[in-house]
Amino acid sequence: MLSVDFAEIERLQAAGEWAPAGELLAADAEVLERAGADLVLLCTNTMHKVAGALTAVLGVPLLHIGDVTADAVRAAGVHRVGLLGTAFTMEQPFLSDRLAAKGLHVLVPDPVDRAEVHRVIYEELCRGVVREESRDALRAVVERLVAEGADGIVLGCTELELLLGDDDAGVPLFPTTRLHVEAAVAAALG
């Protein structure tokens, strides 16, 4: 396990400097491999935007959060999912395309809802703040996605699991953090 300084990653995200962020994470992944890791996880949805930088330097597999999530969604018999996450995750195709490549139809919130989800993540959840008003706001976003045809909701940000649970949606939730960890344990033991 190797933890990184999120402040630096967040600065690079905000500046749109994805290549340097990928280089930093790839260097960390190489450290893990040299230390004996047989499998590497990038324990964040947004930074899977740079997953290719890691796979380019690794000789061991990178367990992609999108693949794990898509497999769980399909196993549940769901094919149309709403995707919640950071603005990067909802607006850029790196995760939605990965899900679509596995046969899923991905819906994202409208621009106003995307901005609210992003705000809650960065201004509250990343700082350990869990507000009932924000839970209600995200429930409303989920309701709108369900009204648009989502049969399940992908919680495509690790912090969203702090705010939303199974009783908050009326459709299955797919918490990527939990799914990723479960798949990693299964791979490690398998």
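Begin by selecting V81 and G152: G152 is the bridge partner of V81 in strand β5. The model on display is a predicted one.

**Strand β3 and its neighbours**

Extend the selection to strand β5, residues 152-155, together with β3; these two strands pair in the parallel sense, with four bridges between them. Next, add strand β4, residues 105-107, which also pairs with β3 in the parallel sense, here over three bridges. Returning to V81, one finds V106 of β4 standing opposite. V81 thus has a partner in β5, namely G152, and a counterpart in β4, namely V106.

Now display β3 by itself, residues 80-84, and colour it by accessibility. Four of its five residues are buried, so the strand is largely enclosed by the rest of the structure.

**From β3 into the loop: T86**

Select T86, which is placed in the loop between β3 and α5, the latter covering residues 87-91. Is T86 buried or exposed? T86 has a relative accessible area of 2%, and because the limit for a buried residue is under 20%, T86 counts as buried. To see what surrounds T86, show T46, H118, I121, Y122 and C157; T86 touches each of these residues, with those up to four places away in sequence left out of the list.

**Strand β2: L62**

Move to L62, which lies in strand β2, residues 62-63. The relative accessibility of L62 is 15%, and this residue also counts as buried. Which residues does L62 touch, if those up to four places away in sequence are not counted? They are V40, L41, L42, A51, L54 and T55. For a sense of distance, draw a line from the C-alpha of L62 to the C-alpha of D113: the two residues are 31 Å apart in space and 51 residues apart in sequence.

**The whole chain**

Finally, zoom out and switch to a cartoon view, in which the chain comprises nine helices and six strands. The radius of gyration is 16 Å, close to the 16 Å given by the globule rule for 190 residues, so the chain is as compact as a globular protein of that length. The C-alpha trace spans about 45 × 35 × 25 Å along its principal axes.

With the surface displayed, the accessible area comes to about 9,000 Å², and carbon and sulfur atoms account for 54% of this area. Of the 190 residues, 44% count as buried. If contacts are drawn between residues at least 6 apart in sequence, 67% of them join residues at least 24 apart. To end the tour, colour by charge: the chain holds 15 positive and 30 negative charges, and their mean positions are 2 Å apart.

Definitions and conventions
Residues numbered from 1 in each chain as written. Predicted model: local features only at pLDDT ≥ 70, side-chain atom pairs only at ≥ 80, totals over all residues. Heavy atoms only, no water. Buried < 20%, exposed > 50% of the residue type's maximum accessible area, 1.4 Å probe, protein only. Pairing = 2+ DSSP bridges. Rg over C-alpha atoms; globule rule 2.2 N^0.38 Å. Contact = heavy atoms within 4.5 Å. Areas by Shrake-Rupley, 256 points an atom, 1.4 Å probe, with all protein chains shown as cover. Lys, Arg positive; Asp, Glu negative; His and termini not counted. Charge placed at Lys NZ, Arg CZ, Asp CG, Glu CD.
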